[in-house]
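Please open the structure in the viewer and keep the sequence at hand. The stops below are given in the order in which they may be selected.

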Amino acid sequence: MKKPLLTIVGTLMLLQSPFAMAEETVTISLKDFNALKSLCSSLKGATATMATAPTRTKKPVVVASSKADTPDIGKAVKIASLRGFHALDKEAKEIEKKKQFKSGDGIKRNWELQPPSIPHSIEKDRITLKGNTCLKCHSKANHEKEKAPVFSKSHYITRNMKVLDKLSPRRYFCNQCHTPQADVDPLVKNSFKSNTIKLDNRLMDKVEK
Amino acid sequence: MMQIKNLKSCQRMAGFFIKSTLLIGIVIGIILWGGFNWTLELTNTEQFCISCHEMEENVYQELQETVHWSNRTGVRATCPDCHVPKDWSHKIIRKIQASNEIFHKLMGTIDTPKKFEEHRLELALHEWKRMKDSNSRECRNCHQFKSMDLEKQDERSAKRHDPHVWEAMDGKTPSKTCIDCHKGIAHHLAKGWEEAAKKAGLQD
């Protein structure tokens, strides 16, 4: 009765141990690595004697290689999870809070036809089946007294290139394209260069025809 | 002799009676008055408002999404802060009007979310009208225009808060009031609210 249970538990522990204790890294040769691999694959049918005495004290072995032509397998890599290298039972590192970037003059566009970023808070705005509060300020009827920029002609065009006299349904959900921005340094540098083709005009030409 | 004496004691009795009645009257009056104001206060709490599920399931839930429920400074607005006047005479008038809500409660006018949604525009129009007529008195209990630092506000707010445009400057009557521009700050807006408000002359 006890034996099969031990076998199962032992096997599981053994299989797990390289991951559970993956704190330290040991470099081994490729030959050893292959030996380890075949050992691992044969583990499925691990005997009871091996399993009941799992060698938990052994240093865990992660992969290794010194050859340059096998760059990926064998490289010991530590990848941080989203919460960093913190143990699961510790509180995650506090993240720095970022404020929304606001500007009265709008945010510079990076290419022709870029939907401009939203330079103001949109916390109060609701876009639902019942209504869209962005229109309170950006619609043709209201923008003048609200001193807000009106959405451009492209917002009246349906996907069949028809021009409506009111907002096109595919432009109803404004924040599909327009988003507020946080004032942060980008994690990844961006080397994007703006094009100079006036796509906007082309689009409008197509519509007019 | 007896008669005169009687008369005197009668007078004394009467005097005592009047005085004591007055006294009792005053005491009862104080109790009633206190009780009246006490009930008035009791019905001036958010707990009272949301004791009706019509208020609790709709508008109360929506309020919780807004800045008047939770914000940087931790100052909160409760239902009566925005809906019940602070000064006594306006408060009594509003309370008497509000007894109408009990009738509609009994009638079940808005007792499902669907029915509430159907009536929302009508209720909102009442509220907008009331706030427009009072020059947004309840908002101004907390927001003093003269205490607003336009420099600190968003560009977008400051552009629209130029008091020369709409506040009561130099003895002129104000042309605009908070609710003209700030609809839907506490609850969801009904479908077609803008057209309806414009038609009623309540939208800027």
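Which residues does B:Arg120 touch, not counting residues up to four places away in sequence? The model under inspection is predicted.

**Stop 1: B:Arg120**

Select B:Arg120, which lies in helix H6 of chain B. Within chain B, B:Arg120 touches B:Val59, B:Glu62, B:His187, B:His188, B:Leu189 and B:Ala190, and from chain A it touches A:Lys130, residues up to four places away in sequence not being counted. With the side chain of B:Glu62, the side chain of B:Arg120 makes a polar contact at 2.7 Å. Next, display the C-alpha atoms of B:Arg120 and B:Lys191: they are 9.0 Å apart in space, while the two residues are 71 apart in sequence. Is B:Arg120 buried or exposed? Its relative accessible area is 5%, under the cut-off of 20%, so B:Arg120 is buried.

**Stop 2: the interface of chain B and chain A**

The contact of B:Arg120 with A:Lys130 leads on to the interface. Select the residues of each chain that are in contact with the other: there are 17 in chain B and 13 in chain A. The two chains bury about 1,500 Å² between them, and 44% of this area is on carbon and sulfur atoms. Colour B:Arg156, B:Lys159 and B:Arg160, which supply 32% of the area that chain B buries against chain A, more than any other three residues.

The rule finds four salt bridges across this interface. One of them can be displayed between the side chains of B:Asp154 and A:Lys102, with an N to O distance of 3.5 Å. Polar contacts across the interface amount to nine residue pairs, with both residues at pLDDT 80 or more.

Now show chain B by its helices. Helix H6 (113-133), helix H8 (155-160) and helix H11 (193-199) each supply at least two residues of the side that touches chain A. The largest share, four residues, comes from H8(B). Colouring this side of chain B by class gives three nonpolar, two polar and twelve charged residues.

**Stop 3: the segment after H11 of chain B**

Move to the segment after H11 of chain B and select B:Leu202, which is found there. B:Leu202 is buried, with a relative accessible area of 7%. The residues that it touches include B:Leu125, B:Trp128, B:Lys129 and B:Lys132. B:Leu202 and B:Leu125 are 77 residues apart in sequence, yet their C-alpha atoms are 8.3 Å apart.

B:Gln203 lies in this segment after H11 as well. B:Gln203 is buried, at a relative accessible area of 14%. Its side chain makes a polar contact of 2.7 Å with the side chain of B:Lys183. Among the other residues that B:Gln203 touches are B:Trp193, B:Glu194 and B:Ala197.

**Stop 4: aromatic pairs**

Finally, display the aromatic rings. By the rule applied here, there are four aromatic pairs over all chains. The rings of A:Phe151 and A:Tyr156 form a tilted pair, because their planes stand at 55°, with the centres 5.7 Å apart. Both A:Phe151 and A:Tyr156 are buried.

How are the rings of A:Tyr172 and A:Phe173 arranged, and why? Their centres are 5.0 Å apart and their planes are at 85°, so this pair is edge-to-face. A:Phe173 is partly exposed, its relative accessible area being 42%.

How values were computed:
Residues are numbered from 1 along each chain as its sequence is written. Chains are lettered from A and ligands numbered from 1 in the order in which they are written. This is a predicted model: local features need pLDDT of at least 70, side-chain atom pairs count only at pLDDT 80 or more; totals for chains, interfaces and linings use all residues. Side-chain values use heavy atoms; hydrogens and water are left out. Contact means heavy atoms within 4.5 Å. Buried area is the accessible area (1.4 Å probe) that two parts lose on being put together, summed over both. A polar contact is a pair of N or O atoms within 3.5 Å; within protein, one must be able to donate a hydrogen and the other to accept it, and residues adjacent in sequence count only if both atoms are side-chain atoms. Ala, Val, Leu, Ile, Met, Phe, Trp, Tyr, Cys and Pro count as nonpolar, Asp, Glu, Lys and Arg as charged, and the others, Gly among them, as polar. Rings of Phe, Tyr and Trp (its six-membered ring) pair if their centres lie within 6.5 Å; planes under 30 degrees apart count as stacked, over 60 as edge-to-face and the rest as tilted. Buried means under 20% relative accessible area, exposed over 50%, partly exposed in between (1.4 Å probe, protein chains only).
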